[in-house]
Amino acid sequence: MALGTELATVNPDRPKTTSVRRVIQARRLALRGVSKVFTSRHGGRVEALKDINLAISPGEFVSVVGGSGCGKSTLLRIIAGLEGVSSGEALLDGQPINRAGLDRGMVFQEHRLLPWLNVWDNVLFALPDPRGPAARELVDEHLELVGLKPFASAYPNQLSGGMSQRVAIARALVNRPGILLLDEPFGALDALTRIQLQQEILRIWQAERATMVLVTHDIDEAVFLGDRVVVLSNRPGTVKEEIPVPLARPRQRGGNDFSAIRRKVYRHFFLEEENAPEYMV
Ligand SMILES: Nc1ncnc2c1ncn2[C@@H]1O[C@H](COP(=O)(O)OP(=O)(O)O)[C@@H](O)[C@H]1O
Ligand SMILES: [Mg+2]
C-alpha cells in the first residue's frame, strides 16, 4: 500500500547554506568509435553497439532513444565502467573509463532497493562510509531533495512505484556523482506518475547540474528532458541522428515547437523501417 500521493511531498527549496552536499562537478564524456561485441562460451556472438561517437558536455542533459535490444543499457554500463568496450574509447574528462566509481550514479527501471532496509538505510547503504561524519546529513538532505523525508522509516513494500524510484534517485545522488545515468527509470510507472517524475528529475537537474544521460523509449520523455535526443538504430546500435531540443524549460508538451521536434525524432526513429506508421512520416 502506498503511504502517500506522488504530488504531496515535492520540495522545491534550494539547498540550504549549511548543506553538506558538495557542489557537483559535472563531468565531460566522450565515446569514440565505441563498439561492443558479446561472445558466449559456445561461440555465439552478439554485436550490441557499433562505432558509437558521442560527446557530452559537463552539465548537459542527453536523452538516448532506441528500440528494445539496441544496446542502450550496454551503452550506460560502459559509461558506468561495468562493461568494457570491444573497440574504440570511452573517456571521462579525457581519461579512459576502466572501472565503476562513485562519481557515476545509476538509476534503473526497477528500483533495486533492499527490502529489509527502510528508506533511510537504503540511501545510507550507498555511502562508502556510512559511519562518516556527514553520512546522516547526506541521507537527510537527499531524501529531502526527492521529497521523501517524511517516509524515511518506511520500507520498500510500503511505497508506490513512483516513491520507490525517488528513493533510487536519492540513493544514486547521495555520493554527489558528476554523472547520473538513467536507464529507463520511469519505464515501469503509470503515465501520470511518469510525468510527475520527469518534472522531478528536471527540477533536480536544474538544482544539481550533474551531467545526465537518460535512456528511454518514450520519445515524449526524451524531448521533454533532453538538451538533445540521440536516436540509436536497431542492433547493433549506431547513432542514427542527434536532434537538438533548443526549447526553454519547462517545456510545453502540447506546444507547436515541441510537437515538431517530437515528430522529427519519430521520423528518425522509424527511418528505414518498412512498418513505420503513416502518421509519423
Ligand atoms: N552480458 C551479455 N552477454 C551477452 N549478450 C548481452 C549481454 N548484455 C547484453 N547483451 C545483448 O546485447 C544486446 C543489447 O542489450 P541491451 O544493451 O540490454 O539492450 P537495450 O537496453 O537497448 O534493450 C541484446 O541483444 C542483449 O541480449
Ligand atoms: Mg535496457
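This passage walks through a predicted model, starting with the surroundings of its ligand and moving on to the core, one helix and one buried serine.

A good place to begin is ligand 1. The residues around ligand 1 are Phe38, Val46, Ala48, Gly66, Ser68, Gly69, Cys70, Gly71, Lys72, Ser73, Thr74 and Arg235. Two elements, β2 (45-56) and α1 (72-80), each give two or more residues to this shell, and the largest share, three residues, comes from α1. By character, the shell around ligand 1 divides into six polar, four nonpolar and two charged residues.

Attention can now turn to the interior. In soluble globular proteins, nonpolar side chains tend to be buried together. In this model, the largest nonpolar core has 73 residues, and those touching the most other members are Ile79, Ala170, Val213 and Val265. Helix α4 (residues 161-173) gives the most to this core, contributing seven residues. For valine 265, leaving aside residues up to four places away in sequence, the contacts are Val65, Ile219, Ala222, Val223, Val229, Val231 and Ile243.

Helix α5 offers a clear example of a helix with two contrasting sides. It runs over residues 191-208, 18 residues in total, and spans 26 Å from its first C-alpha to its last, close to the 26 Å expected at 1.5 Å a residue. Its buried residues are Arg194, Leu197, Gln198, Glu200, Ile201 and Ile204. These buried residues lie on the same side of α5, because they cover an arc of only 165° around the axis. An α-helix has 3.6 residues a turn, so residues three or four places apart point the same way. Among the elements that cover the buried residues of α5 are α3 (135-145), α4 and α6 (219-225). On the other side of α5, Leu192 and Gln206 are exposed. After α5 comes arginine 209, whose phi is positive, near 65°.

The last stop is serine 63, which lies in strand β3 (residues 61-65). Is serine 63 buried or exposed? Serine 63 is buried, because 26 other C-beta atoms lie within 10 Å, where 20 or more are required. Beyond residues up to four places away in sequence, serine 63 touches Leu214, Thr216, Ala222, Leu225, Gly226, Val229 and Val230. One of these contacts, alanine 222, is 159 residues from serine 63 along the chain, yet their C-alpha atoms are separated by 5.2 Å. Alanine 222 also appears among the contacts of valine 265.

Note on methods: Residues are numbered from 1 along each chain as its sequence is written. Chains are lettered from A and ligands numbered from 1 in the order in which they are written. This is a predicted model: local features need pLDDT of at least 70, side-chain atom pairs count only at pLDDT 80 or more; totals for chains, interfaces and linings use all residues. Helices (H or I, at least four residues) and strands (E, at least two) are DSSP runs, numbered from the N terminus. A residue is buried if 20 or more other C-beta atoms lie within 10 Å of its own, exposed if 12 or fewer, and partly exposed in between; C-beta atoms are placed from the backbone. Two residues are in contact if their C-beta atoms, placed from the backbone, lie within 7 Å. A residue is near a molecule or strand if its C-beta atom, placed from the backbone, lies within 6 Å of it. Ala, Val, Leu, Ile, Met, Phe, Trp, Tyr, Cys and Pro count as nonpolar, Asp, Glu, Lys and Arg as charged, and the others, Gly among them, as polar. A nonpolar core is a set of buried Ala, Val, Leu, Ile, Met, Phe, Trp, Tyr and Cys residues joined through C-beta atoms within 7 Å. The expected span of a helix is 1.5 Å times one less than its number of residues. The arc is that of the directions from the helix axis to the C-beta atoms.
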